[in-house]
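Follow this walk through the structure with the sequence open beside it. The route goes from open space at the surface to the interior, and ends in the loops.

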Amino acid sequence: MRILFVGDIVGKPGREAIRRFLKPLQQEYTIDVTIANAENAAAGKGLTKEIAEELFDYGIQFFTMGNHVWDNRDILNFIDQETRMIRPANYPIGAPGQGSGLIRINGCKIGVLNLSGRVYMTPLDDPFSGAIRWINQLRQETPIVFVDFHAEATSEKVALGWFLDGKVSAVVGTHTHIQTTDFRVLPQGTAYITDVGMTGPRDSVLGIKKEIIINRFLTQLPAKFELATGPIQINAVVIDIDEKSGKALKIEAIQRYYEH
């Protein structure tokens, strides 16, 4: 089983990168399943049904989200019905949507779990102890369990990777928008990377116009964020997983960009 996971899609530039790069990557790597983090896909804040359908049409099969999941209220109109999308499972009971789900492909099931970190972020329920409960539920259906950990602190991400080594097929980090080079398969068979990176404007500060962010650091004054334009990039990982054991065999980081 070969899974392509695409890092945080940021606004229209990110969607254009998906349109331009996704199908060639799927063909080049003979991808079975494509998952993407879409919490920034609508102008950098949340997701709408129209944009979700656009991204599904481009070839993404399943979405994870993060702390910006509620930024666009249109999501409340479809998140409970959309089985191809999950939000962090450690939101309190009663939050709309689901925190885990299943992808069915070629007679195989893939469990997907979305978690949010708590360091420097909204303090949700404990992702560590909660993860075991949700993973056990998914493993009743399939040995393949994929985890998107949407978190700020690298220490928290690395700790969860070690905590879940051997319990899941992969733990990939999202949220910080910068691709890290620490991708590897951990000793007990879990593929890991601290952050997959961002899909969107390349010449930016995490997707925002660099001049705005630089000026904010210089003056400490509030400013309205605007998405950057110019070259676009896609950041992703490809993970090979043994279908019977659920253990990862290989992980590779991918970065492509286009000057336009």
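A pocket is taken here as an open set of grid points with protein on both sides within 12 Å along at least five of seven lines, and a residue lines a pocket if it has an atom within 4 Å of a point. The model is predicted, and the pockets below are those of that model.

By that definition, the second largest pocket has 13 lining residues, and those nearest its centre are Arg87, Ala89, Tyr91, Gly99 and Trp134. Its volume is about 210 Å³. Sorted by class, the lining of this second largest pocket consists of 5 nonpolar, 5 polar and 3 charged residues.

The largest pocket holds about 590 Å³ of space. It is lined by 21 residues, of which His68, His177, Leu206, Ile208 and Phe225 are the closest to its centre. The lining of the largest pocket divides into 10 nonpolar, 7 polar and 4 charged residues.

From the second largest pocket, the path inward can be taken through asparagine 114. Arg87, Ala89 and Gly99, named above among the residues nearest the centre of that pocket, are also among the residues that asparagine 114 touches. Asparagine 114 sits in strand 5, which spans residues 108-116. Is asparagine 114 buried or exposed? With a relative accessible area of 0%, asparagine 114 is buried, because buried means under 20%. Its side chain reaches the backbone nitrogen of methionine 65 at 2.8 Å. Beyond four places in sequence, its contacts also include Thr64, Gly66, Ile86, Pro88 and Asp148.

Threonine 64 is the next stop, in strand 3. Like asparagine 114, which has a relative accessible area of 0%, threonine 64 counts as buried, at 0% relative accessibility. What does the side chain of threonine 64 make a polar contact with? The partner is the side chain of aspartate 148, at 2.6 Å. Asp148 and Ile86 appear in the contacts of threonine 64 and in those of asparagine 114. Threonine 64 further touches Phe5, Val112 and a run of residues including Ile35, Ala36, Asn37, Ala38 and Glu39.

Strand 5 also leads to helix 4. Helix 4 covers residues 154-164, and its buried residues are Glu156, Lys157, Leu160, Gly161 and Leu164. These residues lie on the same side of helix 4, because they cover an arc of only 140° around the axis. The face turned away from that buried side carries the exposed residues Thr154 and Ser155. Which elements cover the buried residues of helix 4? They include strand 5, helix 3 (127-139), strand 6 (145-150), strand 7 (170-174) and strand 9 (191-193). Just after helix 4 comes glycine 166, with a positive phi of about 90°.

Valine 171 shows part of this packing from the side of strand 7, where it is placed. Valine 171 is buried, at 1% relative accessibility. Among the residues it touches are Leu160, Gly161 and Leu164, which belong to the buried residues of helix 4. Its contacts also take in Val147 and Phe149, as well as Thr190, Ala191, Tyr192 and Ile193. The C-alpha atoms of valine 171 and phenylalanine 146 are separated by 6.4 Å, although the two residues are 25 residues apart along the chain.

The last stops are in loops. Threonine 30 lies in the loop between helix 1 (11-28) and strand 2 (33-37). Threonine 30 is not a glycine, yet it has a positive phi of about 50°. With a relative accessible area of 57%, threonine 30 is exposed. Tyrosine 120, in the loop between strand 5 and helix 3, likewise is not a glycine and has a positive phi, of about 60°. Tyrosine 120 counts as exposed, at 74% relative accessibility.

Glutamine 81 lies in the loop between strand 3 (62-64) and strand 4 (100-105). Glutamine 81 counts as exposed because its relative accessibility is 58% and the cut-off is over 50%. How far apart in space are glutamine 81 and glycine 97? C-alpha to C-alpha they are 7.9 Å apart, with their positions 16 residues apart in sequence counted as separation.

Conventions. Residues are numbered from 1 along each chain as its sequence is written. This is a predicted model: local features need pLDDT of at least 70, side-chain atom pairs count only at pLDDT 80 or more; totals for chains, interfaces and linings use all residues. Side-chain values use heavy atoms; hydrogens and water are left out. Helices (H or I, at least four residues) and strands (E, at least two) are DSSP runs, numbered from the N terminus. Buried means under 20% relative accessible area, exposed over 50%, partly exposed in between (1.4 Å probe, protein chains only). A polar contact is a pair of N or O atoms within 3.5 Å; within protein, one must be able to donate a hydrogen and the other to accept it, and residues adjacent in sequence count only if both atoms are side-chain atoms. Contact means heavy atoms within 4.5 Å. On a 1 Å grid over the protein atoms alone, a cavity is a set of points where a 1.4 Å probe fits but cannot get out, and a pocket is an open set with protein on both sides within 12 Å along at least five of seven lines; lining residues have an atom within 4 Å of a point. Grid points are joined across faces, edges and corners, and a volume is the space filled by probe spheres set on the points. Ala, Val, Leu, Ile, Met, Phe, Trp, Tyr, Cys and Pro count as nonpolar, Asp, Glu, Lys and Arg as charged, and the others, Gly among them, as polar. The arc is that of the directions from the helix axis to the C-beta atoms.
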